[in-house]
Structure formats: C-alpha cells, structure tokens
Amino acid sequence: MTVVATTSSTTNKVLPHPLNAWYVAGWDHEVTRKPMSRRIANRPVALYRTEDGRAVALADACWHRLAPLSMGKTMEKDTIQCPYHGIIYNSAGRCVSMPAQETINPSATVPSFPVVERYRYVWIWMGDPTLADPDLVPDMHQMTSDEWAGDGLTIHAACNFQLVLDNLMDLTHEEFVHSSTIGQEELSESDFVTVREGNKVTVTRWMHNIDAPPFWLKNMRDKFPGFEGKVDRWQIINFEAPSTISIDVGVAKAGTGAPEGDRSQGVNGFVMNTITPETDRSSHYFWAFMRNYCLDSQLITTQLRDGVHGVFGEDEEMLMAQQAAIDANPDYEFYNLNIDSGGMWVRRILEAMLAAEGRLAASA
Amino acid sequence: MAATNIETWQSATVEQVVPVADGIARIVLIPSLPLKAEPGSHVDLMVEINGEQAKRSYSVVESNHDGTRLVISVMKAPLSRGGSIFMHSLVPGQRLEITQPLQNFPLRVGARRYILLAGGIGITAIANMAAVLKRLKADYTLVYVGRSRGAMAYLAELSDLHGERLEVHVDDEGSSLSVPALVGRADADTELYMCGPIRLMDAVRRTWVERELDLPNLRYETFGNSGWYDPEEFIVRVPKLNLEVTVPQGRSMLEALEDAGAEMMFDCRKGECGLCEVRITELSGAIDHRDVFYSERQQRQGTKMNCCVSRAVTSPTGSRTDAGAGPAVITIEPN
Ligand SMILES: Cc1cc2nc3c(=O)[nH]c(=O)nc-3n(C[C@H](O)[C@H](O)[C@H](O)COP(=O)(O)OP(=O)(O)OC[C@H]3O[C@@H](n4cnc5c(N)ncnc54)[C@H](O)[C@@H]3O)c2cc1C
Ligand code: FES
Ligand code: FES
Ligand SMILES: [Fe+2]
C-alpha cells in the first residue's frame, strides 16, 4: 500500500495564530487610566495608559502570586500597582517598589508587550519583541484619513480567527446569510479574480448592470437623492497578514465607468476588519465601515455603523454555529471549493508564518 | 511571572567541549526538546558531584534560531564543590539532564541607550544580549572587564562583532574599570545590564543610587556564589535545634544545616528571595553578605543573614589583613 504523505495542513479546522505579528488589542478609546483586561493570543493582558497618555500592555498576572494587575490601579508616571500586596511595576514591566522589603528583587518583572497606536487602535506584538517593527502594522489608513468617515464596533466571535478570515475572503455567503441587506444572487453567479502577492491576497469581483440591494440603494440615495436604476457593484477584498481585511465595496450608476476607474457616479465604502485571536476558539473581531461621501453626516455614520452591526450579527451567529459543528464532528474534514481560493491563500500565508516560528507542528 | 519559567526537564547531548580561555570551557548542547533561547536566559542542568546529582545554572551564550543548539561556557570555579569540574569533564556524545532556557534576566527592547557590563565569566549572560542589540541597531556599549586577557572568554569574537562598541578593561594591564566614570555615562534613558562579581555589581549599584538614577533601569543577574571575601570554614550553632555544624569552604551554610538534619526554609538559593533568612544572636567574626535581598542598611545591622549564600569570616572588619585565627563562629535562630 502506498501512503501519500500530506505536506499541507491548509485546511486545518482550528489554525494556531502567528505570534510574530501585530494584532489589535483594543480601540484607542477603550484603553484608559483605569486598567482593563483582555485575553489576546491565549494570554491575559492588562492594558492601561500612563500619565502622559501612552498605551501600555503588561501580562495580566503579578510576578509574586499572579494576581491580575488589571484589577490594580495606575499610579504616578507610567506605573501600575498590583491589587494584592502592592508591588508597583513600570511600563516596562519592572518592579519599582516592593512594599514589604527595602530592596527590589532583580527578577521581579512581568512581561511587557510592545504596543503601537495607529488607525484608532492599540496594536500589540505578542511574539519575539526583537522583531516588533512598527512598519509591519497592517495598512488601515482609511480609519484616520480626512477623505473617509465612519465608525465601528467589536464583535466577540466564538470561533477560531481563521473562520472569520474565511468568512470575509469569500463573500458569496452574502447571498444566503445576508439576504435582506446586501445579498443578491449575482454574487455567486459573477466571476472573481484572486491574486496573491507576498503577505497580501486580493479577491476582486464585479457585478455589472444589476439592481442595487437595499443597503446600497440607501447609500446611493444619500449621495444622489432620488436615485433609481441599475448599478455596477464591486467588492475588492484586501487581506494583509496576519488578519486584517479591508474590503473596498461600492456601487455606481451602471455604465458610468466605475470598472475602468471612474467612481464619481457612485458611493464607495471600506469595510475595515481586523481579527485578534483571543483563544483557539474565540476571537476579537474589530470592524469599522468607512465611506467617502457625506463626510460630515454623523447621522449617516451612525446609520451605517448600526446597519453593518446588524449584518455582522448574522455572520457571528453562523460562525458560532460553524465552530460548534466543527467541534461536534471531529472526524470530518473540510472540503475546499473554487470559491475558497482567497481563504486558502490566507491559510498558506499563515502557515508559512507559523513555520517560520517553528509552530506549524502545533496545528492539529 | 514564574509561569514562563516552569522547568521542562529533558535530555541533551554534548556535541563539543573546547577551551575558550584559561579555565573556561565552551560546551555545545543539543537539547531533545529545543526552544529558542532569549537573551539573558540560562539553563538549569544536573551535574554529578561524588556520585550525587546537583543542580547548576549556566547562561546561554549563544543559540541558533530554533534553539536546537545551545552554547554555554563554564568556568572552573576555585574552591568548587565540583559542579564546574564535572562540566569540564564532559565529552562529546555524553548525555545530560537539562531544562529548557529559563528567563530571569530579560532584555527589554526599545531603551534609548544601553550599557552592558560583564565581569569575568559574567560575559556568558551578556554576550547574547549584545548580539541582539547589535542586530536591532540599538545604541549600546559593551564593557567587558577581567583580571587578565587570558582569562576572558570570547574576546576576539566580541571584538570582531562589536568593534568600537566593545570596551575592554584588564586588571593586570592596568586598565581597570572606573565605576564612577562608567555610571557617569548613564542618563535617565539608559538601561544598564550587568553580570559579574558581587563586588563589581555592588559598586555599580551604589554609584547608581548616588547619582539618583532610576533603580529599575539597573538590571543584573547574580550567579549566586561570589562574595567580598574568599570563603572560609566556619562554625554555626543553632541552640534551638541543639546543633553545632561546621560549614566547610566548599559548602553553603544552608546545605551544611540541611546535611545536619535541620529542616530549613528556602526558595531561590541564590540570595534573592530572603526566604532562607536566619537571625544572628551571637557572632565572633564578620558576616560576608552575599545576597541582594538586604539593603546596605540591613546588611550593616548584621542581625540577620540569608544562609543560602552568605557566610561568616574571621576578619572583624571584613578586611582580609584583619583576618583572625579561625574559624568564625556564629549562633543563629532559624525561621
Ligand atoms: C542564573 C545563573 C547563571 C549562571 N551562569 C553561569 C555561566 O554561564 N558560567 C559559569 O561558569 N557559571 C555560571 N553560573 C554559576 C554556576 O551555576 C555554578 O555556581 C558554578 O559553575 C560553580 O559550581 P560548582 O559546583 O563548581 O562550585 P560551587 O561549589 O558552587 O562553588 C563556586 C564558588 O562559590 C563558593 N561557594 C561554594 N558554595 C557556596 C555556597 N553555597 N555559598 C556561597 N559560596 C559558595 C565556592 O567557594 C566557590 O568560590 C550561573 C549561576 C546562575 C545562578
Ligand atoms: S500578587 Fe501581586 S504583589 Fe502579591
Ligand atoms: S533561598 Fe532565596 S535568598 Fe536564600
Ligand atoms: Fe458576512
């Protein structure tokens, strides 16, 4: 009998997450002088701001007896005090005061994680700190650009982070999961192109001369009051490792040249998504919807945020059910279809990152 | 946080043992469960002394990317109990029980400036830090001090790698280090990492405090066995337990008491935690405090000592010329 060795684990159902990468730890406004706790990549992290406003991330367990530092309070300058026996640490995770003795134990430290504040998020590096290059923060510039307006929320998704990435890399599910808002049958009927370049993957889909689904009709009418008629619709999914997906979406009056680059007769949005593994089976899913029209309208910002929140609630439900079914059927494998090509490239890229960290074997 | 330091014991194969300086052997180990070694980390391993197993720690001088090869360097300790002598007797192919790399001396990335200070064999804990800082293009100076060039491991390699960033001070060439000058170069944005004899580290710490620099920016690791004086044999009396024990040169007071059947409290066994503290009720001689748990004030008080590392010596002033006729005698109450 010939045994064919499988060299790829591309369809692992529960993929481990690379550690040498930036993940979003939280929205900038979530991190305050009052410490908060968040589990990131399986590790509890205490997040707070220093007196001068800098974000800090420390392991959320005191060196002494592992009491959570997030239950403690921030002190002068960049320090935080353990709530249990009062050891004080600075932002580097070093003990600056041990109340019960006159000296400081040289090994009294808690891990301090590199953080970068960018694009309205606090990013954290959970892996080898010597590799934490701020230039590697994924591009989400629309979040802070003058040309874009919008807002977002966080979903606590009860599934492996890769399932969220799969969901966003293949939008044919919109027809079925989001039938009342953005779904339409042309989605699964139209052709798409997948391109992988380095740590990036792009999936592009154009639908020509179609009816705008309810969500997009409303947006068109915000910009072009009273609009009626057919549209050309696009979805350009941009993945950047490890887990950021910004989706260039929009519709324009049919035949006005949008596919060729003239989007002036349309409305354009960017669905900004970045997924942070919480555990192997849960994720913090940070998203925002940014638009490039009616920039001053807070009403539209709120309407879009609430609307997309409703749409993503449908994904959340599906993802939770999918993870539960995966766990309930340990003997069943995934099957991969042509529509999965974007998600499959993402898995390849993540696998290469895991291999470089010597952690590919950890996937099962 | 102790959790990252849970010891995973495993076997390792000795690949190579070569001398790298007078009395210092470079030992290459192939662990069976490789794990990347962070700068500042060490492995614990089991040595054999007179047929008995004992634990010793050795800093990881270098390792390859995935930790499949770990290099340590061991100095043959004068007046040794025998751990380092065992290490020098290793031959390629031999197996050892070791832990994965353990971390008590982490290097923080992102400081504005670094001074790395290695005294003698302390270079083992510092060399990897210097290599990482070089790779990160950080602003660092590596200061390496020793008694004589011949006794300083890796001088040539370090000089090749670090060029002008390496500063060497050699006692027998008359170029000894001036601690005030060294600390004088540190400012509020400088982190100083050091490993070396306790005298050197005490001097740096004192100057650091005098100059009102932030203590958390002074990082050090003790190898847990150097003192201000050479170890002497001394006698310890424990009235409460009805014990009189002789502590030989090559054995700690804690071990000697344990050997005599006293149930002692301890944890780190290297002078950091203060759990092995005993109260001194009578003393003929002086205490050679070798711990980093007490402040100078507490050490001067001389009412307590950490018996895992500290010893009694005959000199009442601590100066060697005042050494009396031995042995020192100390009476204690254990915890
Ligand atoms: C984190 C760490 C990293 C280390 N890294 C290295 C390294 O890279 N290279 C290296 O060579 N060593 C290193 N050491 C020291 C090493 O672990 C051993 O202590 C050393 O090899 C001596 O062991 P030994 O059994 O030969 O001698 P020991 O018997 O331990 O004697 C060594 C010296 O200490 C004195 N002494 C002996 N026992 C005691 C005692 N209990 N209390 C006080 N003084 C005593 C002796 O008189 C002698 O001068 C490290 C120690 C630690 C804690
Ligand atoms: S647990 Fe934090 S000081 Fe004791
Ligand atoms: S056992 Fe920790 S100081 Fe002695
Ligand atoms: Fe969806």
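Me: Which residues come nearest to ligand 1?

Reply: A residue is near a molecule if one of its heavy atoms lies within 4 Å of it. Of the 31 residues around ligand 1, the nearest are B:Arg56, B:Ser80, B:Arg81, B:Ser84 and B:Ser252. This is a predicted model, in which local features need pLDDT of at least 70, side-chain atom pairs count only at pLDDT 80 or more, and totals for chains, interfaces and linings use all residues. Residues are numbered from 1 along each chain as its sequence is written, chains are lettered from A and ligands numbered from 1 in the order in which they are written, and side-chain values use heavy atoms, with hydrogens and water left out.

Me: How far is an oxygen atom of ligand 1 from an N or O atom in the side chain of B:Arg56?

Reply: A polar contact is a pair of N or O atoms within 3.5 Å. For B:Arg56 the distance to a ligand 1 oxygen is 2.6 Å, and for the side chain of B:Tyr58 an oxygen of ligand 1 is at 2.7 Å. B:Arg290 places a polar side-chain atom 3.1 Å from a nitrogen atom of ligand 1.

Me: Which domains of chain B give residues to the shell around ligand 1?

Reply: Domain bounds come from an automatic or database domain assignment. Domain 1 (9-102) and domain 3 (234-333) of chain B both contribute, so ligand 1 lies between them. By residue type, the shell divides into 11 nonpolar, 13 polar and 7 charged; here Ala, Val, Leu, Ile, Met, Phe, Trp, Tyr, Cys and Pro count as nonpolar, Asp, Glu, Lys and Arg as charged, and the others, Gly among them, as polar.

Me: Which atoms coordinate the iron ion (ligand 4)?

Reply: Donors are N, O and S atoms within 2.8 Å of the metal (3.2 Å for Na, K and Ca); water is not among the atoms, so sites may look incomplete. The iron ion (ligand 4) is coordinated at 2.1 to 2.4 Å by NE2 of A:His173, NE2 of A:His178 and two OD atoms of A:Asp315.

Me: What is the spacing of these donors along the chain?

Reply: The donors of the iron ion follow H-x4-H-x136-D. A:His173 lies in the loop between helix H1 (161-169) and helix H2 (174-177) of chain A, and A:Asp315 in helix H5 (residues 298-328) of chain A, so the pair ties together parts that are 142 residues apart in sequence. Helices (H or I, at least four residues) and strands (E, at least two) are DSSP runs, numbered from the N terminus.

Me: Where is A:Pro242?

Reply: A:Pro242 sits in the loop between strand S15 (230-240) and strand S16 (244-253) of chain A. The peptide bond from A:Ala241 to A:Pro242 is cis, with omega near 5°.

Note on methods:
Polar contact = N/O pair within 3.5 Å; in protein donor to acceptor, adjacent residues only side chain to side chain.
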